[in-house]
Amino acid sequence: MQPFWSLERGLIVTASDAQVYAEVKDDLIGYATVLVGPDSAADVVSTVVVRVLARRRLADLEDPRSYLFRGVLNEARSVARRHSRYAVLSDRESNEDSPNLLPEVAIAVAGLPVRQRAATFLVYWMGFTVEQTAVLMGVRVGTVKRYLSLARGKLREVLHAHA
Amino acid sequence: MHTPDDRDARMFTRAFSALLEDSPEGPEFEDLLFTVDVQTVEGGVGSGRRGPWVLVVAVFAVVTLVGLVPALIQGEGALTDEMGSVPGPTLGVFEPLRGRIVVVNGEELMGIDPADASSAVTMDIPDLPPVPDEACSLWSSGPCNDGANSLRPIGWSNDGTVLALDSEHAGMSYLMDETGTLIRIPWERIGTGSGCCAFASSNWLAPDGVHASIARGLGVAVVDVRDMSIESEAKLDPDEFPGVEGWGQIYYQTWSPDSTEIAFVAVRNEDGAATPTIHIYNRNEKTLRQLPDQGFGHIRNLAWSPEGSQLLVIAGDLVLRFSELTNPLTRPVATAIHLVDVDSGEARTVADGHYVAAAWSPDGSQIAAVDYPSSHHLVVMNDDGTGQNRLADMDGYGYDNLFTGVSWHPAS
């Protein structure tokens, strides 16, 4: 393996790390976008990957996808605590004449708690099973089911109110 | 015909499609690293990588403790093994803390009357005795002897005259007596240390005020703190409890009120997950048993009830990997207070929150707990979780104000 040397950060990483990252990059950025919005998504992914690389190689991880997904969720929750609203809403809502207004469902989903949003994204968009989602989120299967149930209930509540 | 599940799936799919319209491109790998130069490096991992946290330090040179511990600790006969609050002996510097919930607030101790939070008292902590260089732990979160006073209360002797404290800042343990004398427990004399990065108190002092428990290898040792002699040890089978190299596996201890048993948490490697289990060691019978698995994702702390039948367990759903044992604990994580029967292992949840530490009232009717949803709050509640009342907001200490601890003085 031919490693890269990052002089600024004092890390040694390998082409295998780069390959692992390339395989999950698009999924990670999509996940982060849903959790924190497009403006912060890249920062979240960067923060998580660099933090992991500071301690171990991506190529050494048993399940790098799950590990990184959990990291993104944890970091997203930190970001969410620092910001009062999901970032994508502030731009969209302020422009009522925009032809690209978010549908009510998107607003409702964006307003879900981060973990419920994560669970529904992984199950309904990424197509993971509940069991796979539990691994990706680092929680138990029953917990994922609870998140999904709460999210579905909240969505129906919002849609009913708008009907 | 569309089922509710189909409709739900379509709703979420539409929502995520809209939310992902502006999804940016993920940063390229080289951009993540801010690569300045690229060169081929022969060999393996470089020196710039930080190693993982470890809980058990390497053996240091023997440190001789001359007379201070025996002078500090009362003889065993002077203490009672009876449960509950104990009136009587003069408490000296601890008198203002009699019967109060004692927490760390920044760099001082604060005693709070659970019935009247407005009457909190504070107590300065003496300067830490100097730590020999060879005793400074390799993994401490800060240097030893740097002047930082970063102690947190762990627990009390039954008669309320001895207070155990931890300084996780430097990975050290201390005892303070009613004269205000503070001594360091030289764990390195028995080849171990109090650990780092649990971020909340773990009560290693026995109610008799003479014995202590400490993680040592894949188990716990019972130590007489008067002369640092090891009375006995409990060891888990490494075949049944595989770990991950470089990571400790024994966390959080609590003593039974009669000082005969120690409950502790062990984690084992299950497909990379740090699966926690609770164990109870009887130092008289030299027996070790495991409580039935409660299915906790991770365990944060333990506290044995004063009447002896229950373990208070702070635990959450989040399943941790060994490398995550400390990282998630640096931020608020959903945890609940559970009560587990020490014989049957039956568990019931009494309070949901983000708890990190808890202590029983001397009569067992109340629980004081530190809740950490964003900052540290001291909460008191009945032993069934009802009647919750936030008594105080506290400053943690150390980096990011993360370290905290709570204890309840036993004397009425």
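Helices, taken as H or I runs of at least four residues, and strands, taken as E runs of at least two, are DSSP runs numbered from the N terminus. In this predicted model, the elements of chain A follow the order β-β-α-α-α-α-α-α-α-α from the N terminus on. Chain A thus contains eight helices and two strands.

Of the 163 residues of chain A, 56% count as buried. The accessible surface of the chain amounts to about 7,300 Å², and carbon and sulfur atoms contribute 48% of that area. Among the contacts in chain A with a separation of 6 or more, 59% are accounted for by residues 24 or more positions apart.

Two packed helices are described by the angle between their axes and the distance between the axes. Helix α1(A), residues 15–36, packs with helix α2(A), residues 38–53, at an angle of about 140 degrees, the axes lying 8 Å apart. Because angles over 145 degrees count as roughly antiparallel and those from 65 to 115 as roughly perpendicular, this angle makes α1(A) oblique to α2(A). The crossing of α1(A) past α2(A) is right-handed. On the α1(A) side, the contact is formed by Asp17(A), Tyr21(A), Leu28(A), Ile29(A), Ala32(A), Thr33(A) and Val36(A). On the α2(A) side, the participants include Pro38(A), Ser40(A), Val45(A) and Leu53(A). By class, the residues of this contact comprise twelve nonpolar, two polar and one charged.

Helix α1(A) also packs with helix α6(A), residues 114–125, at an angle of about 140 degrees and with the axes 9 Å apart. The angle makes α1(A) oblique to α6(A), and α1(A) passes α6(A) in a right-handed crossing. Here Gly30(A), Tyr31(A), Val34(A), Leu35(A) and Val36(A) of α1(A) meet Val114(A), Arg117(A), Ala118(A), Phe121(A) and Leu122(A) of α6(A). Eight of the residues in the contact of α1(A) with α6(A) are nonpolar, one is polar and one is charged. Val36(A) takes part in the contact of α1(A) with α2(A) and in that of α1(A) with α6(A).

Helix α6(A) in turn packs with helix α7(A), residues 130–137; their axes come within 9 Å and cross at roughly 135 degrees. That angle makes α6(A) oblique to α7(A), and their crossing is right-handed. Arg115(A), Ala118(A), Ala119(A), Leu122(A) and Val123(A) of α6(A) meet Thr133(A), Leu136(A) and Met137(A) of α7(A). The contact of α6(A) with α7(A) has six nonpolar residues, one polar and one charged. Ala118(A) and Leu122(A) of α6(A) meet residues of α1(A) and also residues of α7(A).

How values were computed
Residues numbered from 1 in each chain as written. Chains lettered and ligands numbered in written order. Predicted model: local features only at pLDDT ≥ 70, side-chain atom pairs only at ≥ 80, totals over all residues. Heavy atoms only, no water. Axes fitted to C-alpha atoms, helices over the stretch in contact; angles between N-to-C directions. Parallel < 35°, antiparallel > 145°, perpendicular 65-115°, else oblique. Left-handed = near helix turned anticlockwise from the far one by under 90°. Contact = heavy atoms within 4.5 Å. Nonpolar A, V, L, I, M, F, W, Y, C, P; charged D, E, K, R; others polar. Buried < 20%, exposed > 50% of the residue type's maximum accessible area, 1.4 Å probe, protein only. Areas by Shrake-Rupley, 256 points an atom, 1.4 Å probe, with all protein chains shown as cover.
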